[in-house]
Amino acid sequence: MLKIKRLTGSFFAVLLGFGAVGTIEPAIAQMPPTEQSEPVNLTNEHLDRFANAFQAIRTIQQESQEEMIAAVEAEGLTIDEFNTIAQSQDSPAAAEQVSPDQIEQFATAAEQVAAIQTQAQDEIRSAIQAENLTLQEFEQILIRVQQDPSLQAEINQRLQR
């Protein structure tokens, strides 16, 4: 039986995360870790730049999600079928129920999905850097926003402008 290529992360988790409003952890989690340093002192300028980068990232994620869905469907698989095959990688009994055609479709789609994910990660890095933030600064602000409801409200306000 052909071995199915394992993806970095699961496709359905990526889809759920990319579509979620207010969260970009899946994309950030796939980025290489950055070195820790002093916490960012949050000024209005930092918050504006963070909000701009966050909005750009949401757009990148949405477009990437659409591209990944199209890549899977172009290979003749539904998202549910793709996810089932991906999950079957951990179960030899389940993998035996996947047809050779589906394995081939899955492998082709998985390669395309991986390429789209890589491109999205690069675009996310560029979007953050375009706002004159380092990945580390962005991550620090993201963590603080996640932990502080008043800061979340402030960022949401900036996103609605």
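A residue is called buried when its relative accessible area is under 20% and exposed when that area is over 50%, with partly exposed residues in between. In this predicted model, Arg 158 has a relative accessible area of 10% and is therefore buried, because that value falls under the 20% limit. Arg 158 takes part in a salt bridge with Asp 48, in which the closest N and O atoms are 2.2 Å apart. This pair links distant parts of the chain, since Asp 48 belongs to helix 3 and Arg 158 to helix 8 (residues 149-159), with their positions 110 residues apart in the numbering. Asp 48, at a relative accessible area of 30%, is partly exposed, whereas its partner Arg 158 is buried.

In general, side chains of opposite charge can pair when their charged atoms come close. The count for the model comes to 5 salt bridges. Salt bridges that share partners join Asp 48, Glu 154, Arg 158 and Arg 161 into one network.

Helix 3, which covers residues 44-74, also holds a pair of its own, as both Arg 49 and Glu 45 lie within it, 4 residues apart, or about one turn of the helix. These two residues form a salt bridge whose closest N and O atoms are 3.6 Å apart. Arg 49 has a relative accessible area of 16% and is buried, while Glu 45, with a relative accessible area of 52%, is exposed.

A further pair is found in helix 6 (residues 100-130), where Asp 122 and Arg 125 are 3 residues apart, again about one turn of the helix. The salt bridge between Asp 122 and Arg 125 brings the closest N and O atoms to a separation of 3.1 Å. Asp 122 counts as partly exposed, its relative accessibility being 42%, but Arg 125, at 18%, counts as buried.

Charge also gathers on the surface, where Glu 63, Glu 66, Glu 67 and Glu 123 form a patch of negative charge. Residues that make a salt bridge are left out of such patches, and so the four glutamates of this patch are residues without one. Helix 3 gives the most to the negative patch, contributing 3 residues, and Glu 66 is one of the patch residues that lies in this helix. Helix 3 thus appears in several parts of this description, as it holds the pair of Arg 49 and Glu 45, carries Asp 48 of the link to helix 8, and supplies residues to the negative patch.

Definitions and conventions: Residues numbered from 1 in each chain as written. Predicted model: local features only at pLDDT ≥ 70, side-chain atom pairs only at ≥ 80, totals over all residues. Heavy atoms only, no water. Salt bridge = Lys/Arg side-chain N within 4 Å of Asp/Glu carboxyl O. Helix = DSSP H or I, 4+ residues; strand = E, 2+ residues; numbered from the N terminus. Buried < 20%, exposed > 50% of the residue type's maximum accessible area, 1.4 Å probe, protein only. Patch = residues over 30% accessible without salt bridge, like charges linked within 9 Å, V, L, I, M, F, W, Y side chains within 5 Å. Areas by Shrake-Rupley, 256 points an atom, 1.4 Å probe, with all protein chains shown as cover. Lys, Arg positive; Asp, Glu negative; His and termini not counted. Charge placed at Lys NZ, Arg CZ, Asp CG, Glu CD.
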